Amino acid sequence: MAIESRPFSTRARTLDHLGREQIADVPTAISELWKNAYDAYATEVKLSVFEGNKLVASLFDDGHGMTKDDIVEKWLVIGTDTKLSDDKDGSPPYFGLNYRPKQGQKGIGRLSSAHLGPLLLLISKSEDSSNFVALMIDWRIFENPFLFLSDVVTPITEAPSLSEVFEELPSLIKALQANVTPQVGKNASDHESARAARILEAWKLFDSATMDGLYGPAPETKPSLHVVQTAAEAEFKDAQIEDWPVASGSKDHGTALIVYDANQELQALFSKDDEDDDKNRFIQTLSGFVDPYIDTEDGTDQNAEDVDLTYSVETSSSGHRKIILSSDIGLTRDVTDEMEHVLEGTIDTEGNFLGTIKVFGKWLNEGKPIEIPAPSDFSAPTGQKTKLGPFSIYLATFEQVKSNSTHTDDDFAFFGRFNRFSGLRIYRNGLRVMPYGRTDNDFFEIESRRSTSAGRHYWNDRRMFGRIAIQRQRNPNLRDKAGREGFIVNSASRALKKLVIHLLTKSAYDYFGSNSPIRKEELPEIQRKNAEKKAADAKKKLAAHQRRTFRSNLRRVNNELPDKVQAARANFDKVILQSADEIPAAQELLEESRQLLTESRVPGRPKELRNLEHEYAEYQHTVGELRNLVEEFAAKLENWMETLEPQAPEDIIEQQLRRHQGSLHSRVSKWSRRIKDLQGEEISRVQDLVRERNKILNELAQPIITRLKAEQIGLNEASKSLNNIWQTIEHENQDIFENYILALESLKESIDLQTIAVMGEQENAELRVELDRLNALAQLGIAIEILGHELQTYENMIGRGLSALPTELREAKNVGKLIEAGYTGLTQQLRFLTPLQLSGERSSRKITGTEISEYLEDFFGKIFDKAGIEFDTTEKFLNFSVRGQPARLLPVFINLVNNSQYWLSHAIETEKKITIDVVDDEVVVADNGPGVNDLDVEKLFSLFFTKKISGGRGIGLYLCKANLAAGFHEISYVTNEDRKVLSGANFSIKFKNAEFET
C-alpha cells in the first residue's frame with residue numbers, strides 16, 4: 001500500500017482565530033501593540049482617535065521601524081518573529097537604550113490590530129532605509145472560512161516620502177479589493193486563474209451562508225460587498241499621522257498604524273459622562289501601562305524595572321483635541337507612599353516574604369524588615385519548567401471610613417480620586433500584564449474572601465493600589481495565554497497565586513484587619529481624635545460663617561445708615577408740636593427712628609475684630625449718633641405731651657399699640673418667610689439624602705447576588721457579606737440622621753447652637769492665647785531657675801572680692817580681677833535670657849548644630865568643669881541645621897543638657913559624658929548616667945512629673961515637647977539599644993525639614 005505525504009492546509013479564518021478572537025477588548029489590543037513598540041525600542045507610543053463619519057484610530061511609535069524585507073520576512077510571517085532570541089547578543093539595544101527583554105512570546109501580537117477595526121493602513125520607516133514602506137489589510141477577509149490563507153495577499157508599497165505613500169493609496173486599495181473581486185487578464189497563468197476562481201467561489205459561499213443567517217443575524221450588506229465598499233470610501237489623511245514623530249520630522253524611524261472604521265468601543269472615549277463604563281474600563285486598563293510604583297530613588301528592587309517609555313491617548317473631534325490618559329497623568333509612587341497603610345517587599349523562591357510594613361502611618365519594627373514565612377503547606381516547585389522565581393510586591397491603601405483614618409480630610413478626599421487606578425496589578429519588566437488588576441478579574445480572590453468577612457480580610461480590590469513585579473529572566477515559567485487573559489495555568493502560576501493569597505491573608509490578620517492587635521489598639525484613639533477634630537472643624541466652620549455674615553451686615557449698615565441718620569435728623573428738626581393732635585405723628589416719627597436703630601444692630605460680633613476694627617468703630621460712631629438723636633427727640637416729645645395735655649390719652653396709646661403691633665408683625669413675617677425658604681431647601685436636601693441612603697444597600701448588594709447566581713460563592717458567604725454591608729450602612733445612617741435629629745431637638749428646646757459654637761470657638765481661642773502666655777512665662781521661669789545657681793556663684797565671687805578690700809589693700813589688683821571676673825560672668829549669664837524670651841516678634845531663622853553647640857558650651861562650661869563632665873558634639877550634629885525660633889529650640893537643648901548634668905552630678909560614675917549626635921536623621925542628646933526607669937518612660941513628658949530629689953518642678957521635658965510640637969517636631973525617649981549613643985538617658989528629636997550635611 002502506497003503512503004502519501006500531505007501538508008496541512010490552512011484556512012484564512014485561522015488568522016482571525018489567532019488575532020481578533022483571541023483579544024478580550026480594545027484596551028487589551030492596544031496594550032499588545034504598545035508592547036510590540038516597546039520591543040522595537042520605542043520611547044514614545046500614542047493612540048489618537050478621530051471622530052467623523054467613521055471613527056479612525058491611529059497608533060504611533062518611534063521604534064526602530066521596518067524595511068520592506070522586514071515586512072515580508074517577519075511581520076507577515078505568523079508565529080516566527082524577531083523574538084526568537086532573548087539574549088543581548090541576539091537582540092542588540094537600539095538608540096543607546098538599555099537592553100529590553102522581549103515582551104512578546106508567540107509572534108501574534110501584531111494581529112491585535114484586527115480588534116481595533118477592519119481596515120488597516122500600516123506605514124513604517126527604518127533608520128536603515130531611506131524609504132517608507134506601507135501595507136493595507138482588511139481583517140474581515142480572514143473571517144471567510146472558505147478562503148485558504150495562501151490565497152489572500154497583502155498589498156505592499158515602498159516610497160521615498162510620506163506624500164508619495166499617500167499617492168499610492170488607490171493602488172493599494174485596488175490590490176486589496178482583488179482579494180474579494182479578482183480580475184484575471186487574458187494572459188493570466190493557470191495558477192492565477194485557479195486562485196481567482198477559488199476566491200470568487202469562496203465569497204459566493206460565504207455571502208450566501210451569511211445572508212441566510214448561518215453565522216448569526218443576517219446583515220443588510222453582503223460581507224464581500226462590505227469589504228469592497230469600505231476600501232473604496234476609506235479616508236486616510238495626513239492629519240491622522242501629524243503627531244507621528246516621523247511625520248513631524250523629529251525622528252527618522254518608527255511605525256504608524258491607521259485603522260479606518262474603528263471599533264465602537266473607542267466611541268466611549270468621547271463621552272462626557274465620567275461614569276461611562278466603557279470609558280472607565282479603557283482608562284483603568286491602559287493607565288499605568290508602565291509600572292507607576294517604581295521607587296526611582298531606591299533602585300534596589302531587582303524585580304521592578306524603570307521603563308523609558310511614555311504613552312498617551314488623545315481624542316480629536318471637530319479639531320478639538322483632548323488627552324484621555326498619559327504616562328504623566330494618574331497614580332504615582334509619590335502619592336501611594338503617603339497612604340497610611342503600605343506593604344512592600346520580596347517573596348523569595350521558598351515563598352518567604354521579607355519587607356517593610358506601615359500601619360496607620362507608622363512603620364512597624366522601626367522601619368526594619370519584617371518576615372512573613374511561607375504557608376506551612378507550601379512546597380516550592382523546583383523543576384526547570386515549573387519553578388517560581390522571586391518576585392516583588394507593593395501595596396498601599398487607606399481606610400474606607402474617614403473616622404477610622406489618620407489622614408486629613410484633604411488627603412482622604414485626594415486619595416479617593418484615584419479609585420479608577422485601584423487593583424493589584426502585575427508588571428513584567430516594567431510593563432503591565434493583562435488582565436490582572438481590573439475590576440472584572442479576581443485572580444487572587446480578594447473580593448471572594450471579603451464576601452466572608454470584609455473586616456477580617458481587609459484588602460479591598462477597589463481601594464488597594466499596588467502591583468507584583470516580575471522579571472522574565474527570573475520567572476520564565478509565568479507565560480501569557482494566547483488571548484492575554486492571564487498566565488497559563490501551571491505550577492509556577494499556581495504557586496504565585498498561593499503565595500500572594502497567603503501574604504494578603506496573613507498581613508490582614510496580623511496588621512490591617514479587624515482581628516489585628518494593632519487595629520484594636522490604635523483605632524479607638526484615632527476615632528476619638530477624628531471625632532474631636534470633626535467637632536472642632538464644625539465649630540470653626542460655624543464661626544467662619546458667623547464672621548462672614550457679621551462682616552457683610554456691618555458693611556451694608558455702614559453704607560446705608562449715614563444717609564438714614566441725616567434724614568432722621570432733618571425730620572426731627574422740622575417737628576414743633578403746637579397741639580395734642582400732632583402727638584401721634586411725632587410718636588410715629590420717633591418709633592420709625594427707634595425701628596431704624598433696631599434694624600441697624602449687627603449681631604454676632606466676633607471676639608477679635610482684627611481687620612474689621614476700623615469699620616466697626618465707624619459703625620459704633622454712626623449708631624451712637626442715631627441713638628443720641630432718638631434720645632434727644634424722645635425727651636422733647638415727653639415735655640410736649642406733658643405741656644399739651646391731650647383730652648383722650650387712651651386714643652394716643654391705642655394708636656401707638658397698633659403701630660407697634662404692625663411693626664412687630666412685619667418683622668416676624670419677614671423672618672417667617674426666610675425660615676420657610678430655608679426649611680423648604682432643607683426638606684428637599686433631606687429627601688434627596690433619604691433616597692440616596694435607601695438605594696445604597698441595593699447597589700452594594702447586587703455584585704453579591706450576581707456572584708451567588710453564578711455559583712461563585714455559596715449562600716452562607718453571600719448572607720455574611722450582605723450582613724456586613726448592612727451593618728456598615730446602618731452605622732453610617734445612625735451618624736447622619738441621629739446627629740441631625742439631635743440638632744433639631746436642640747432648636748426645639750430653643751438652644752442657640754450657633755451662639756454656643758461661636759462662643760466655644762472664642763473661648764478656645766482665648767485659652768490658646770493664654771496657654772502661649774503661660775508657656776512664655778514658664779520658659780522664662782525655667783531659664784531663671786537654671787541661671788540661679790550660676791548667678792549665686794558669681795555673686796559670691798564679687799562678695800569675696802568686696803569683703804577683702806578693707807584688709808588686703810596691698811592686693812587691690814587681685815581684688816579687682818575677682819570683681820571683674822564676677823561682673824563679666826554675671827553679664828554673660830544675663831545675656832542668655834535674651835533668646836529665651838517669647839514675647840515680642842517671633843522670627844524664624846536657620847539654626848545650626850554649631851551654633852547650638854557653642855551656645856551650650858558657653859552656658860554650661862563652668863558647670864561641666866566643676867562636675868567633671870565631658871561634653872561632646874559630633875561632626876554630624878555640627879553639620880545639622882533647621883529653621884525655627886531660637887526662643888523655642890534653644891530651651892529644648894538647655895533642658896535636656898541640664899537634666900543630664902544633674903543626674904551625672906549625682907551619679908557615681910568616674911567618667912561622666914554628655915554627647916549630642918545624629919542617628920538615622922534624628923538628633924540624639926545622650927549621657928552615660930543612670931538613665932530612665934522603664935516604668936517612668938511613659939510619664940516623662942507629663943507636666944509636673946519629676947524624679948529629682950530637690951530643685952525639680954517637672955516642667956522642663958513637658959515644655960521641650962510643647963516647644964518642638966509648635967514647629968511640628970517630635971521628641972521621644974530612646975529605648976532601642978541599637979539607637980542609643982551612650983548607655984544612660986538618650987532623647988531623640990525628629991526635626992521636620994531638617995538638613996544633614998555630609
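Select A134 first: this residue stands opposite T157 in strand β5. The model on screen is a predicted one.

**The edge of the eight-stranded sheet**

Keep A134 highlighted and add I123, whose bridge partner in β4 is A134. Now display strand β4, residues 132-138, together with β5; the two pair in the antiparallel sense over four bridges. Next, bring in strand β3, residues 119-125, which is joined to β4 by seven bridges and runs antiparallel to β4.

Colour β5, residues 156-159, by its two faces. T157 and A159 make up the covered face, while I156 and E158 make up the uncovered one.

Widen the selection to the whole open sheet. Eight strands form it, in the order β5-β4-β3-β6-β2-β1-β7-β8, and the pairing is mixed. Strands β5 and β8 (320-326) stand at the edges with a single partner strand each, so one side of each has no neighbour in the sheet. On average, neighbouring strands of this sheet are turned by 15° against each other, direction ignored.

**Helices on this sheet**

Select helix α5, residues 169-177. This helix lies across β3, β4 and β5, and runs at about 35° to β4. Then select helix α9, residues 277-286, which packs on the sheet and touches β1 (44-50), β7 (310-317) and β8. The direction of α9 makes about 55° with that of β8.

**Two buried residues of helix α6**

Move to helix α6, residues 190-211, and pick out F206 within this helix. Is F206 buried or exposed? Its relative accessibility is 7%, and F206 therefore counts as buried. Show the surroundings of F206: apart from neighbours within four places in sequence, F206 is in contact with E143, N144, P145, F146, Y215 and P223. Among these partners, P145 deserves a distance label: the C-alpha atoms of F206 and P145 are separated by 7.4 Å, although the two residues are 61 residues apart along the chain.

Stay in helix α6 and select T210, which is also found there. T210 counts as buried because its relative accessibility is 10%. Which residues does T210 contact, leaving aside its neighbours within four places in sequence? They are Y215, A218, P219 and P223.

**A helix pair**

Display helix α15 (residues 517-574) and helix α16 (residues 583-599). Their axes come within 11 Å and cross at roughly 165°, which means that α15 is roughly antiparallel to α16. The crossing of α15 and α16 is left-handed. To see the contact, select L561, K564, A568, N571 and F572 on α15, then L589, S593 and L596 on α16. The residues of this contact divide into five nonpolar, two polar and one charged.

**The five-stranded sheet**

Finish with the open sheet of five strands in the order β18-β20-β21-β23-β22, where the pairing is again described as mixed. Strands β18 (869-873) and β22 (970-973) occupy the edges; each has a single partner strand, so one side of each is left without a neighbour in the sheet. The twist averages 15° from one strand to the next.

Zoom in on β22 and strand β23, residues 986-990: four bridges join the two strands, which run antiparallel. Within that pairing, select S972 and its bridge partner in β23, S988. Last, add helix α23, residues 849-867, which packs on the sheet and touches β18 and β20 (912-919). The direction of α23 makes about 165° with that of β18.

Terms used: Residues numbered from 1 in each chain as written. Predicted model: local features only at pLDDT ≥ 70, side-chain atom pairs only at ≥ 80, totals over all residues. Heavy atoms only, no water. Buried < 20%, exposed > 50% of the residue type's maximum accessible area, 1.4 Å probe, protein only. Pairing = 2+ DSSP bridges. Axes fitted to C-alpha atoms, helices over the stretch in contact; angles between N-to-C directions. Parallel < 35°, antiparallel > 145°, perpendicular 65-115°, else oblique. Left-handed = near helix turned anticlockwise from the far one by under 90°. Contact = heavy atoms within 4.5 Å. Nonpolar A, V, L, I, M, F, W, Y, C, P; charged D, E, K, R; others polar.
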